[in-house]
Each structure stands twice: as structure tokens, then as C-alpha cells.
Amino acid sequence: MDDEQNEGRLYRGFERYQEFVETQNAFLFLQSSQNLDDSTKELGLLTKLSMILDEYQEQSYLLDPYLEQLVAPVVDQLNVHAQRLQPLSGDSSQGFKVGRLATLMYYYIKFRGYKTITRFFPHEITDLSVALNYLLLPGGLPQDPAQWPLRYVMLLWLSLICMLPFDLAQFDERGSVGHTASQIETVGKSHLNKAGIERDAAAILLARLYLRKDMHTSLPAFLDWCYQVIRNPAEPFSAIGCTRVLCEVTKAGSADLVQANYIALLDITRSISEHPTLLNNTIMRKLRTKLLSRIAVRLLPSTGPRTRRKGPLLSGDDEQASPSCHEEIDIDVPEQVEEIIEELFQALQDKDTVVRYSSSKGIARIAERLPKDFVEQILDNVLQSFSIHSIGMARMYEMPAIAEATWHGACLACAEMARRSLVPDSRLSELFEWMSKALYFDIRQGAHSIGSNVRDATCYVLWSLARAQSVDALAPLAEPLAQQLVTAACFDREVHIRRAASAAFQEYVGRTGLFPHGIDIIRKTDFYAVGTRRHAFLVAASEVAEHVEYRSSLLEHLISVTIRHWDPAMRELGAKSICEISKLDTSSLVLKCSERVSEYLTFPDVGDIHGALLTLAELAATCHDIPELVEVRRQIFSYISRVPSNIVQSPRHELVTAAACQLIANSVSVSELKARQTASVPEWRKITDFALKSRSPTVQEAAADAMAALSKLIDCSPVVQRLIRDAKPTSPPVQQSLCRILGVLDYNAHPHGLMQAVEHLLASVDSKAPTFISNVEARKNACASIPLILANVLPNISDHISPDLSRRMYGALQAGLADYTMDERGDVGSWIRMVCIKGLADVAELFLTNAPRIPNFADYLPAKDYQRAVGGILKQGVERLDNVRQQAGHHFLRLLVLHLPDVPDIAQWRIHGESFMKELFLSGDDTVGWNEGAWIYPKAVQLLDIPAYRESLLAGLVLSASSRTDSTQRPVSSSLVNYAKTLAVSNDDPTKYSLRGLVGDLIAPASRNLLSNAIVIPALQTFNVLLEADALEPLYEDEQGLASLRSLLLAATKNAARIKNVQRILLSMRIVVNLLPVPTLRLQCVVQLPIFLAHQYPKVRGDTAEYLYLVLQSKDLGLETDEVEDILLETAWTSSDISEARDAAQQCTKVLKDSIS
């Protein structure tokens, strides 16, 4: 929960500094102590420090002012450990402490980077021997494989010391010149083959070692060693380590050093390319690319930095900085550099992003040192990469998947070159032409698409151009560029690309001021505005379209790209966005857009047809209540005939069918219906008839919307009658559609066979009716339609529905609360219960708020029916399913805060215990829902004090107590036990609950329904919970209480030998064993024990013996039970030989009887 709250949070400073310092001080104190028993506490403090650092990971710079005072004590203590433990090679008592100290240092390095943290390491000349000897200590702690953080930190420390300008020879003993350097080299090489992070530290150590002037002569030997390792690698880690060293050397080393050894370096890169195993490693390819590019850079002379534009000048001088302030010098480009550039171009198409990115940066860095002619050649080659897979392709979607890597690499290279001002003004138009295509690069691949990284890199290119190019060069491209970026910022599928496009747009506005209405557009498409796709499409886009300069480009993209997108969700949003933008000028845009998208209705691609139908449906909805657009709406309706019937009426194309129904619902009109009455079956009728028989809920819902629209225009009684005739048990889809449709018809406009519709719905959910529907989805739709009909006819309810029929409809919803249908999907009856909960609350709120306007209100909604419904909702509010409880709680609170009207005897409809419930559920600032069992059950058991809802609540609590879900069973059990312990045995006030009453109410349903496991098993489980917690112990001396417990024993043991349900058998057994402590019932319980100890099922015998033994051990029965316990332990109860179990059971019974007598 805390992680979710912290995610995305921005901090203003290191707010937890004091807490962090106190925790670290406590950790360091334990480090300095000699008590090894504090290991657990020390580990907990280390974990807390790590969690605090992780919390600030995204804003690590906030700790910079505190780093020295935080890191220095840790480094000092590590230094002390290194010095103290150096000679103690055989003592490892402090090993774990040092390891945790090093782990804390690793956390700092991970948090802020090794370059920042190593600044706080001690770096005196004398520290060399401390760090080196500690790493070389035979059998020392650094040799332990588990101490990788310690090795990592010590290697970084040693690498820092190697940078000091002193002669290593001064540490050598007489006669062993070069020994110290050799030792450092040995330490570094020994860790290059590690798979962990210490390999990187070893590479940094060796690189810094060979960069020393006194070690330049040792570099050729190391290169030979690397060549041999890479040529015959036993594993890839050594080769990776060696290449990493060379990358560091060529990066930080002087040009003379690299030029003196470039042949050996190139030989190593060729050796890598000749080894397939190494080339298959992504890290190896990335490092090889880095190495090649850095060699080439060192082979070329530095030409000085290019002057880059920093934005418009504020001095009033209109002159822009010249693109280059240094004099162009002709140089001879070495042949090796040309070969490297060729290899980098190959790497630019690598399958992995990290390799492509390294290659793009290498190409740009090399180009920065080349003459202009060479730079243009490089740019030509990069731009030609776009056309490799583009020739002959009509659309972007037709490109092969491999084109993604090529385009992404080319975009990255263009971006890196643009950042360095390497793109001449004369090539901007060509580059922009390719970027305009790359900005919409999206190739479908199966159920997803590829190309988001290409679009992201394209935004990077455009952002780089804004920072590097002159305003004059960008001016001719400003308007189309602004339109492209705004379109991407509003309509791209991925949030990071929308935000990248928005950032690029902002960069242009800030640096060039060329974009129309730039500041206003930034406000409408900022980081947060485009963060949510729906908001970007429906709000930001329509606000941007208020500016005419952007409107046509936005609509063009929506029509040509978005509503033809492979993702149906994008097509839906695109259609809605077109509708929102069209509202800015409905008189012209609706007609133009509808004519454009109607062309897609004849296309072979089903996605195009679906997007077009969605758009036409949205545009038709825009035409409502606008007299000038009546003809446009009729024209939109006529486009339905263009859709091929084999597509719109195909079960494979459910989305198209649903969209067509939406179009019918939004565009059908009376005039259109009259004009088409000459045809026997109009085109729209075929579509709706087909949709009504679909198995898809989406299509059924769309068909219901279409029928709802038609019901406002014509009488649909013939359709209703036909559907009722066709709704046979063998056609569940028709049943589902019919039950859904009957609730959405407008019965105020036309009769539509209202009485027949209501009777059909009531019969569909009545389990005793001959036309009862077994299909769960159909019954759910029927229950949802009943309150919709009542809401529809409420203005004239007395003309449509009688009070008796209203009560029957409300009663049907109450009956739905008892639907516990189960199938292979689980408790599917919960779908019906949830719909009925909402329906009961909706109808009650509807009637109560309109009571003064309803004749004979009390007859339509009797108070007793309403109170029974409240009890039923409360019962669902304490049941076992979280989502049902949440639904019940939400709607119960609706009724609890409902303002009652001023009608006679309105107090009868007031919820009992209203003030108590409001205090219980509405006081305070509780944000926890009813789905949280630990929150609701302690409150719910208190409602048992309200007699009106007691029976319903107890039934729900009993069901939850038998749940197998731990998050439900535990809180309800503990709440019931705690509540029972607060009750008096008896109470003179009948409104007050007592323990007698609780037990009687629990046993009564089970006694009446002994043949129903669904009722008996939860009751037995609840009693076991209460008995095990000794909550019923006060009843052991109460006559009425004993009578109830005797009834419980009878219910548990009646026909127990013939019961087949194992769960019920085991619960009955536990009841018998748990009642043994009751002196009056003890003998009766002992008599029943052989039924379970000698049961035919081995599991029952074994569980009975185990449970009986536990009870005898844990509870004082006042009897001598040692002999019985011995029998229980020595008998093989689960053996296949039942005779042994019978004999042992009889023996146990006899011993217990003798003890009782």
C-alpha cells in the first residue's frame, strides 16, 4: 500500500533525513559492538535504510547535500575493519558485520553512482597497502563467495587509489621491482571472470591502472592476454570483463596511448566478431560497438566543439550564432575509421536497443570530428536506412517486423547527430519527411504492435533539432511540424510517446516561438493533460482543435489512422474524438467527416469497417436535436446498406455487429422508418434480428440500445411477442437478449406489450414457474430489467402497473437475493444477487423520493416489504464474497442517508436503528469498504442488537463463518466469538439479545432443514467456532441453554452413520467432541463417539482420533483420560483393517463411560 502511494510522488527535499541518520547511527553502533546476538536487529536496520534510499531513487540528487556526512562514517568504519582484520586470517567472527557494512556501501553506490560515492573514500598513499593486502588476504573475508558487496567496494576503493600521482615502485621491496603493480593487476584479472557486479569494479581498476604513465608499457602485454582470453573463452564473463576494461581505457586514455595500440585493439574486436557465442551475447555486442567507436574517435584529431544554439537571444540582436566557430580543416581519414563506420552502421540495425543506441552515439561522435563532406555522407547513409524496407510499401502497416530495428537505429543516429549540430539546414526538409513517417510507425504483430520505440526516438530527433538548429532554418517547417507533434501528443497509443511529443513541442515553443498559439497549446497538452489516453483524446484534442491551424490535421489523423487502428479501444476513442472536434463546427464538419469515413464501409479490412461504423454512430448522435442536420442524419443512416451483409451478420465479427446496432440506435428516425416500410424486411431489421440472437453480451447490449431507440418511434409489440415465442430453453442467447430488451423499451411512448413483458420477466426468475429460465445470464438480465421498467413507467405508474404487480416485481428482486447457483465458474448466483441488491435500492429510492406523487404509495411499496429488503441487503453485506459485500454496503448506505418524504406513516419506512447505524458506518473518516472483512465484521455483529434485521444478519454471518477464504472466515469468527462473550445468558427485555437467543436462532434453521447440507454445514461450523472459543460455556449450567445444546447434539448426530458428505461428518464429529466438557451431555457424547472412531472412511477415523486427543489434552473434563489418550496414540486409525479401529473405539468408549460413572 505504501509503495503504491510513494510511486510517482515528487519530493522537495530529503524529508526523512533525521530518521535515516538515527537508523544509520544505530546500525553503526551495533557494528562497533562485539555482541553477535544483535544480528537480527542489525539486519532489520539495514533493510530499513535500503527502503528509504529506494524511496528517493528517482530523485537521488536530493541527498547530495547530505552525502558526505552520511557516507563518511560508513567508509571510516569499513576502513577500520580493513585494517583491524588484515592479520586475522583465521578469525571470521566479524565476517557478517563487515559484509553488512559493505552492503550498505553498495546501497549508496547503487543509489547515487560509483563516481559520486567514491569521492568520499580515503585516498592517501598509505591506503594502497591496506586495500591491496586486504583483498589478497589468504582465506580472508573477500575470498568468501557470498561477500560480493565487500569485493565490489574494495575494488572501487583500490581503483580510486590507483589514480593518485605516485610511483608504484616505492611500495616494492628491494629486488622485486614491479611487484606491487603486478599484485594490483593480479587482483583485477582474478575478478574479470565473475558473473556479478565485482567484474565491473575490476574493469574500472585495471583501466585506471593502465592509464597511469608508469603502466603504459604494460598495456600491450595486457592486450595480448585479452586477445587470448577472447579468442578461446571458456565462458562469456571473462571476455565481457576484458572488453569492458578496453572500453574504459579508450574512453579515458590519451589519443597517443590508443593510437600506439590501435592495431591490437582492432584485432580484439575482429576476434569477437569471429566467435558466434560472443556475438550472441547482447552485452558483448554493446561493448564491442563502444570499443570500435572509441577507437575511431581517438584515431581522429579533435576539431574543437561545435557551437550549438541555446535559444533566442535576449539582447535584441536578431543574429543567430553561427553553426560553427572553428575553421574547417581537411584531414585524411584513416582507412580503419571508414571500416569502423561501416561496422557501426551494421550495429545500427542490431536486434537489441542498447547496441543500436551505442552505435548511434558512436556514429555521431565520429562525425563530429570529420569534415563537413564526410558528415553529409554519414547523414546520407543514415537516411538511406529508412528506405531499406520502405520501397514498394503502400502503407506503414505492410512493413516487415525487422524494419523496426532499422528505423529505430536510424532515428537514434539522427537524434545524436542533431544534438551535435551535424545536420545541415539544407537537409532538414528531407529529415523531416522521414520523421513525419516515423512518428506514426506502428506495425501490427499478432495481438499487439511494434514500433513504439521508433516513435519515441522520433520525438527525440525533433526535440534535438529544436535545441541545435537556427530559427531561420526551422521557420519553413514550423507549421507542419507543430501539427505533427500535437497530433502525436494527443493521439498516440502509448503514454510515454504522448509525453515525449508534448515535451518536443514545448522545446520548440520555448526556443523558437514559431508554433502558432504555442503557449496556449502547451497548457492544453502538458505532461499531465496527455497522461491519460481518454483525456488526451476527448479533452486535450478538442481544446487544441479550437485553433483552426490544427483542426484539419487532427481530423485527418483520426480519420486516416486512428479509426483504422488495430486496437479496438483506439478506434472507439478515435470515433468519440472526431465527434468532439466536429461539435466545434457541426454544420460543415459532420457532413465532411461522415462522407470520408463512409468510404471505409466497403473496405476488406474489418477493422476499417468497425472504425467507420463507430464514427458514424457518434456523428449521428451529434445530429440529435439539431434541425439543420436532419438530412445529414438520414444520410448517415443510409450508409448502413453499404456494409457487406456477410460481415455485419457474421458471428466472427461481433464488434462490427455491435457498432452497426449503435449506428441504428443513434440515426434511426420516424421518416426513415416510413420510407422503408415498402420493403418486407428492411436492412436494419436484419441486423437487429441477427444481433438479438448473438451470444456476445456486447452485441446484445448494442441490440438493446437499438431496440430502445426504435421503441421511442414505433410500437414494438410484434417484436416482443415474437421474441417471447422464440425464447425457448434451447436458445439462451435469445433469452438473454429478450430479458435485456424488455427493460429498455420506452413504455410511455408506446405500449410494447407491457403486461406480457412483465409477466415474462417474473416467470423467468420464478423457480416454481414452468417457464423458469435456467440460464444465469438471462436471469441476471431479467432482474436488471425489472427496476428499469418501474423507473420507466413511474410518471404514470397507476396507468400501467397495479399495486399487486408492483409488489410481485419487488418480491422477485427479493427472491433473487437467495440465488446461490453454482457451476464450473463458481458462485454465478452472485451476479444475480448483486443485480438484485442494486435493483431493490433503486426501486426503493425511486418510490420513496416520488411518494407524494404516487397514488396509494403504501400499496406499491409496503413498509414490511421494504424492511425485508433492507434485511436482505444487510445479509448480503456480511456474506463471504468481497464484491457482493461491497455492492450491498454501497447501496445500503444509499438507503441509510435517503431523505424520507412527508407522507402519512412514513416512520414505517425508516430503517430500524438508523441513528446507531449512521454512527457505526458514517462517523469518522473511514475509507475502507465493506469488502474488507477485518473492517466490516466487528461492526456488523453489533447490528444483531436490532431485532428487525437479526435473522437476516445471522444467516449471512453463518454463511461467512463457513467460508474457506481466510480473509473472510477469520474476522467473522473472531467477531462472533467476541460478541457472544459480551451477551448475558438471558435478558428480560425481549429487544435485547441474549446468549440463549443466539444459540436458539442458530440451531433453529438447521433443525428444520436437516436434509440440506447448504444450511446444516454452515450452522455446525459456526457452533464449532463458538465451542472451541468457550463462548457458550455460560450455558452449561442454564436449563434452556442446555436444551438448545441438546438439540444441537441431536442435529449433529441424527443419521450420522448414513451421511455421505465428508465435510458434514467431520463437523458433526467436532460438535460431539466439543460438547464433551458439558457435564450434562458428556455421556450422550461418549455414546456417539464410536460412530466416528469406527467410521467406514479412514479420513474420518483419523481426524476423529486426532481431534479427540487434542480436546482431551487441552480441556479439563474432570476425568482420568490417560488410558484413552494412549489408545488414541497407539491405534492405526487410517489402516484398511477397520476391525482394529472398532475394537479401539469400543475400548475408548468403555473407559470414558467408566470414568463418568
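**Exercise 1. Classify Arg-151 in this predicted model as buried or exposed, then describe its salt bridge.**

Step 1. Arg-151 has a relative accessibility of 5%. The cut-off for buried is under 20%. Arg-151 therefore counts as buried.

Step 2. Find the partner. Arg-151 forms a salt bridge with Glu-198. Their closest N and O atoms are 2.9 Å apart.

Step 3. Place both ends in the chain. Arg-151 sits in helix H8 (residues 148-161), and Glu-198 sits in helix H10 (residues 198-210). The two residues are 47 residues apart, so the pair links distant parts of the chain.

Step 4. Check the acid. Glu-198 has 4% relative accessibility, so Glu-198 counts as buried too.

**Exercise 2. Work out where Arg-285 and its salt-bridge partner lie.**

Step 1. The partner is Asp-350, and the closest N and O atoms are 2.8 Å apart.

Step 2. Arg-285 belongs to helix H15 (residues 282-299). Asp-350 belongs to the loop between helix H16 (335-347) and helix H17 (353-367). The pair links distant parts of the chain, 65 residues apart.

Step 3. Apply the burial cut-off of under 20%. Arg-285 has a relative accessible area of 10%, so Arg-285 is buried. Asp-350 has 12%, so Asp-350 is buried as well.

**Exercise 3. Explain what the salt bridge of Arg-420 with Glu-368 ties together.**

Step 1. Start with the distance. The closest N and O atoms of Arg-420 and Glu-368 are 3.6 Å apart. The cut-off for a salt bridge is within 4 Å.

Step 2. Locate the residues. Arg-420 is in the loop between helix H19 (403-419) and helix H20 (428-438). Glu-368 is in the loop between H17 and helix H18 (372-386). The pair therefore ties together parts that are 52 residues apart in sequence.

Step 3. Classify both. Arg-420 counts as buried because its relative accessibility is 9%. Glu-368 is buried, because its relative accessible area is 17%.

Step 4. Widen the search. The whole structure holds 57 salt bridges. Some join up: Arg-16, Glu-19, Lys-48 and Glu-55 are linked in a network of salt bridges.

**Exercise 4. Identify a nonpolar patch and a negative patch on the surface, and classify one residue from each.**

Step 1. The nonpolar patch is formed by Leu-10, Phe-527 and Tyr-528. Together they have about 400 Å² of accessible area.

Step 2. Take Phe-527. This residue lies in the loop between helix H25 (518-524) and helix H26 (533-544). Its relative accessible area is 44%, so Phe-527 is partly exposed.

Step 3. The negative patch gathers Glu-1120, Asp-1122, Glu-1123, Asp-1126 and Glu-1130 on the surface.

Step 4. Take Asp-1122. This residue lies in helix H57 (residues 1122-1130). Asp-1122 counts as partly exposed because its relative accessibility is 44%.

**Exercise 5. Compare the overall dimensions of the protein with those of a compact globule.**

Step 1. Set the reference. A compact globule of 1157 residues would have a radius of gyration near 32 Å.

Step 2. Read off the model. The protein has 40 Å. That departs from the globule figure.

Step 3. Add the extents. The C-alpha trace spans about 105 × 95 × 60 Å along its principal axes.

Step 4. Add content and burial. The protein has 58 helices and two strands. Buried residues account for 54% of the 1157 residues.

Conventions:
Residues numbered from 1 in each chain as written. Predicted model: local features only at pLDDT ≥ 70, side-chain atom pairs only at ≥ 80, totals over all residues. Heavy atoms only, no water. Patch = residues over 30% accessible without salt bridge, like charges linked within 9 Å, V, L, I, M, F, W, Y side chains within 5 Å. Areas by Shrake-Rupley, 256 points an atom, 1.4 Å probe, with all protein chains shown as cover. Salt bridge = Lys/Arg side-chain N within 4 Å of Asp/Glu carboxyl O. Lys, Arg positive; Asp, Glu negative; His and termini not counted. Charge placed at Lys NZ, Arg CZ, Asp CG, Glu CD. Helix = DSSP H or I, 4+ residues; strand = E, 2+ residues; numbered from the N terminus. Buried < 20%, exposed > 50% of the residue type's maximum accessible area, 1.4 Å probe, protein only. Rg over C-alpha atoms; globule rule 2.2 N^0.38 Å.
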